[in-house]
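Biologist: I've got a sequence and a model up on my screen, and I'd like to talk it through with someone. Can we go over it bit by bit?

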Amino acid sequence: MRLDKLMSDLGVASRKELKQIIKSGRVSVNGDPVREPDMKLDPENDEVALDGRPLSYRRFRYFAVDKPEGLLTACEDKKQKTVMDILPEQLRKLDLFPVGRLDKDTTGLLLLTNDGEYAHKVISPKYRIEKVYYAETDGAITNEDIALFASGVVLRDGLHCLPAKLEAAEPSPCAACYVTVMEGKYHQVKRMLASVGKPVIHLRRLSIGNLELGSLQFDGDSCICELSQEQANLVFAEK
Ligand code: URA
């Protein structure tokens, strides 16, 4: 792989910026300073450093997005803007894709990765990964709604949901709640709340497994941050 491509894949800077950085002598390979952006190297074995600090090559990458409203969760769309359209240029070549989906009007934690096995485990109901949502509803949450969720809501089309946790966000009467689900069917949370007569006005995903949106550091105005392997694995950690 070319040196500039490897560094761009690592998210260091864009290919254009990297040409300048490499030519200025700030990069070394296996301890030797290099100035050729097109130098060929083995990403798994050669050690690249920038300003003396090693950059480790990671085959699989994980990003958290605090998804804003109005974006489709898709890799591309001919008409509408997708979550991939807000990625900085250097991340666009990483073959990332969204892990599951959030509706266009849903905000909050969305993962992007190039690790298919990881994505499958996060999405599949078999692994019982809990996803927590904050919902504002038209109508206050009742104890009856909570009991129905706990026993497994039956949607209006007859579909049976796995048992889910419903908590009012504040003491009753309260038209805001936390919903914890372990599956991700189409419009799942909205349909579950609609089935108990509480249409959703606003929906935000707060966590996936043990990975909480509130614990992540987003730089400045950015709504995207890279996760370490440890952070990505929090999704599977016991609570
Ligand atoms: N459930 C929904 O209804 N919408 C989402 O975006 C996510 C979960």
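What follows is a chat about the predicted model, from the overall fold to the ligand and then to a few single residues.

Biologist: Let's start broad. How many helices and strands does the protein have?

Modeller: Keep in mind that this is a predicted model. The C-alpha trace spans about 70 × 35 × 30 Å along its principal axes. As for secondary structure, the protein comes to six helices and 13 strands.

Biologist: What share of the residues counts as buried?

Modeller: A residue is called buried when its relative accessible area is under 20%. The protein has 239 residues, and the share of them that passes as buried is 42%.

Biologist: On to the ligand. Where does the ligand sit, and how much of its area does the protein bury?

Modeller: The place to look is the largest pocket, where the ligand sits. Backbone N or O atoms come up close to it: one from His 187 is 3.2 Å from a ligand oxygen, and one from Val 189 is 3.0 Å from a ligand nitrogen. On its own the ligand would expose 240 Å², and the part of that buried by the protein is 95%.

Biologist: Which helix gives the largest share of the shell around the ligand?

Modeller: The residues around the ligand are Leu 102, Asp 103, Thr 106, Tyr 133, His 187, Gln 188, Val 189, Lys 190 and Leu 203. By class that makes four nonpolar, three polar and two charged residues. The largest share, three residues, comes from residues 188–195, which is helix H5.

Biologist: Gln 188 is in that list. Is Gln 188 buried or exposed?

Modeller: Gln 188 has its place in helix H5, and one of its backbone N or O atoms lies 3.4 Å from a ligand oxygen. Its side chain makes a polar contact with the side chain of Glu 183, at 3.1 Å. Because its relative accessibility is 6%, Gln 188 counts as buried.

Biologist: What about Thr 137: which residue's backbone oxygen lies 2.9 Å from a polar atom of its side chain?

Modeller: Thr 137 lies in strand E8, residues 131–137. With a relative accessible area of 5%, Thr 137 is buried. The backbone oxygen 2.9 Å from a polar atom of the Thr 137 side chain belongs to Gly 139.

Biologist: Now the backbone. Which peptide bond is cis, with omega near -5°?

Modeller: Most peptide bonds are trans, so a cis one deserves a look. Pro 173 is in the loop between strand E9 (165–168) and strand E10 (176–181). The cis bond, with omega near -5°, runs from Ser 172 to Pro 173.

Biologist: Asn 30 has a positive phi. What is its value?

Modeller: Most residues other than glycine have a negative phi, so a positive one catches the eye. Asn 30 is in the loop between strand E1 (27–29) and strand E2 (32–34). Its relative accessible area is 45%, so Asn 30 is partly exposed. Its phi is near 50°.

Biologist: And Asp 51: is it buried, exposed or partly exposed?

Modeller: Asp 51 sits in the loop between strand E3 (48–50) and strand E4 (53–55). Phi of Asp 51 is near 50°, again a positive value in a residue other than glycine. Since the relative accessibility of Asp 51 is 43%, the label is partly exposed.

Biologist: Let's compare sequence and space. How far apart in space are Lys 67 and Arg 204?

Modeller: Lys 67 is in strand E5, residues 62–67, and it counts as buried because its relative accessibility is 1%. Along the sequence, Lys 67 and Arg 204 are 137 residues apart. In space, C-alpha to C-alpha, the separation is 9.0 Å.

Biologist: Phe 63 is in strand E5 too. What is its C-alpha distance to His 202?

Modeller: Phe 63 is buried, given its relative accessible area of 2%. Phe 63 and His 202 are 139 residues apart in sequence. Their C-alpha to C-alpha distance is 24 Å.

Biologist: One last pair. What separates the C-alpha atoms of Gly 116 and Ser 14?

Modeller: Gly 116 is found in helix H3, residues 116–123, and is partly exposed, with a relative accessible area of 41%. Gly 116 and Ser 14 are 102 residues apart along the chain. Their C-alpha atoms are separated by 25 Å.

How values were computed: Residues are numbered from 1 along each chain as its sequence is written. This is a predicted model: local features need pLDDT of at least 70, side-chain atom pairs count only at pLDDT 80 or more; totals for chains, interfaces and linings use all residues. Side-chain values use heavy atoms; hydrogens and water are left out. A residue is near a molecule or strand if one of its heavy atoms lies within 4 Å of it. A polar contact is a pair of N or O atoms within 3.5 Å; within protein, one must be able to donate a hydrogen and the other to accept it, and residues adjacent in sequence count only if both atoms are side-chain atoms. Accessible areas come from the Shrake-Rupley method with a 1.4 Å probe; for residues, only the protein chains shown count as cover. On a 1 Å grid over the protein atoms alone, a cavity is a set of points where a 1.4 Å probe fits but cannot get out, and a pocket is an open set with protein on both sides within 12 Å along at least five of seven lines; lining residues have an atom within 4 Å of a point. A molecule sits in a cavity or pocket if more than half of its atoms lie within 2 Å of its grid points. Helices (H or I, at least four residues) and strands (E, at least two) are DSSP runs, numbered from the N terminus. Ala, Val, Leu, Ile, Met, Phe, Trp, Tyr, Cys and Pro count as nonpolar, Asp, Glu, Lys and Arg as charged, and the others, Gly among them, as polar. Buried means under 20% relative accessible area, exposed over 50%, partly exposed in between (1.4 Å probe, protein chains only).
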